Amino acid sequence: MGAVPLIFTSGWASGINAYAVVLLLGLFGRYGGADSVPPVLERTDVLLAAGALFLCEAVLDKIPYVDTAWDAVHTVIRPIAGATVGALLAAHDPGSLGEVAAGAVGGTTALLSHGVKAGLRMAVNTSPEPASNILLSLAEDLSVAGLVTLAIFHPWLAASVAAVLLALGVLLVWFAVTRIRRFWLRRRERRAARRAGAGATDRAAGRPTAGGA
């Protein structure tokens, strides 16, 4: 069961930034002597591809609305990446979970954290200023880097932190969605009240109301 916390943490991190996970794990395996990293992630072509895609995400993820489009595209990619990394970690540690079970854990966790990330970004994009997107993206990058690094040296501690962050993220998304729904309902009610008031004024003045004869 030694790889289980690393599978869970890498799954959570893959839902936030899958390319950073592959890049960091590969670098730790190749240059940091991390025995828990599968050799396939240490390959030069894998590192170059992950590095290039990570740079693309680092830029696009900080632009309002572009980040939401990027998240939509990665709704499938991030869970697949989480499942793949999980299966590779399990295959590299035969005494751990089976590859199918590890893939399910990594993919499901990645899907959940991706949903949290995408939901928070949609909520933040309702703000007119771009600074919140940049700050949130930087916080995500730092949290992924920090937890993947922690998982290499202290896997159970990293998994515990990832679980807490996932739970908090779900609560934040629920809170944000609730607030946004209330905002739109109040706005719709105010518009309806203004239309009703304008109609009453027109009738009192003897003017035809909208849709009237």
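These are my notebook entries on a predicted model of a single protein.

**Entry 1. Overall fold**

I began with the secondary structure. The protein has six helices and zero strands, and along the sequence I read the pattern α-α-α-α-α-α. I then looked up burial for the whole protein: 39% of its 213 residues count as buried. For the contacts, I took those with a sequence separation of 6 or more; residues 24 or more positions apart account for 70% of them.

**Entry 2. The largest pocket**

I turned next to the pockets. The largest pocket holds about 260 Å³ of space. I listed its lining, which comes to 15 residues, and noted Trp12, Val116, Leu120, Glu140 and Leu165 as the closest to the centre. Four helices give two or more residues each to this lining: H1 (4-31), H4 (99-124), H5 (131-153) and H6 (155-204). Which helix gives the largest share of the lining of the largest pocket? I found that H6 does, with five residues. I sorted the lining by class and recorded 10 nonpolar, three polar and two charged residues.

**Entry 3. The second largest pocket**

I repeated the search for the second largest pocket, whose volume is about 180 Å³. Its lining has 13 residues, and those nearest the centre are Tyr19, Val22, Val46, Ala81 and Val85. The elements that supply two or more lining residues here are H1, H2 (44-60) and H3 (66-92). I noted that H3 gives the largest share, six residues. By class, I recorded 12 nonpolar residues, one polar residue and no charged residues in this lining. Helix H1 thus appears in my notes for the largest pocket and again for the second largest pocket.

**Entry 4. Thr109**

I looked up Thr109, which is placed in helix H4. Is Thr109 buried or exposed? Its relative accessibility is 6%, so I entered Thr109 as buried, the cut-off being under 20%. I then checked the polar side-chain atoms of Thr109, and one of them lies 2.7 Å from the backbone oxygen of Val105. Leaving aside residues up to four places away in sequence, I found that Thr109 touches Phe8, Gly11 and Trp12. I had already met Trp12 among the residues closest to the centre of the largest pocket.

**Entry 5. Aromatic pairing**

I searched for aromatic pairs and found one in the structure. Its partners are Phe28 and Phe153, with ring centres 6.1 Å apart and planes at 85 degrees; I classed the pair as edge-to-face because planes over 60 degrees apart count as such. Where do the two rings sit along the chain? Phe28 is in helix H1 and Phe153 is in helix H5, 125 residues apart, and the pair therefore links distant parts of the chain. I compared the accessibility of the two partners. Phe28 is buried, at a relative accessible area of 19%, whereas Phe153 counts as exposed, at 55% relative accessibility.

**Entry 6. The loop between H2 and H3**

I examined two residues of this loop, beginning with Lys62, which is placed there. Lys62 has a relative accessible area of 17% and is buried. What does the side chain of Lys62 contact through polar atoms? I found a polar contact of 3.0 Å with the side chain of Ser137, and I entered another, of 3.1 Å, with the side chain of Asp141. Not counting residues up to four places away in sequence, Lys62 touches Asn133, Ile134, Ser137, Leu138 and Asp141.

The second residue, Tyr65, lies in the loop between H2 and H3 as well. I noted its positive phi of about 70 degrees, although Tyr65 is not a glycine. At 56% relative accessibility, Tyr65 counts as exposed, in contrast to the buried Lys62.

**Entry 7. Ser143 and Ile16**

I closed with Ser143, which is placed in helix H5. Its relative accessible area is 23%, and I entered Ser143 as partly exposed. I then looked up the C-alpha to C-alpha distance from Ser143 to Ile16, which is 9.2 Å in space for residues 127 apart in sequence.

Key
Residues numbered from 1 in each chain as written. Predicted model: local features only at pLDDT ≥ 70, side-chain atom pairs only at ≥ 80, totals over all residues. Heavy atoms only, no water. 1 Å grid on protein atoms, 1.4 Å probe; cavity = no way out; pocket = protein on both sides within 12 Å on 5 of 7 lines; lining within 4 Å. Points joined across faces, edges and corners; volume = space filled by probe spheres on them. Nonpolar A, V, L, I, M, F, W, Y, C, P; charged D, E, K, R; others polar. Buried < 20%, exposed > 50% of the residue type's maximum accessible area, 1.4 Å probe, protein only. Polar contact = N/O pair within 3.5 Å; in protein donor to acceptor, adjacent residues only side chain to side chain. Contact = heavy atoms within 4.5 Å. Phe/Tyr/Trp six-rings, centres within 6.5 Å; stacked < 30°, edge-to-face > 60°.
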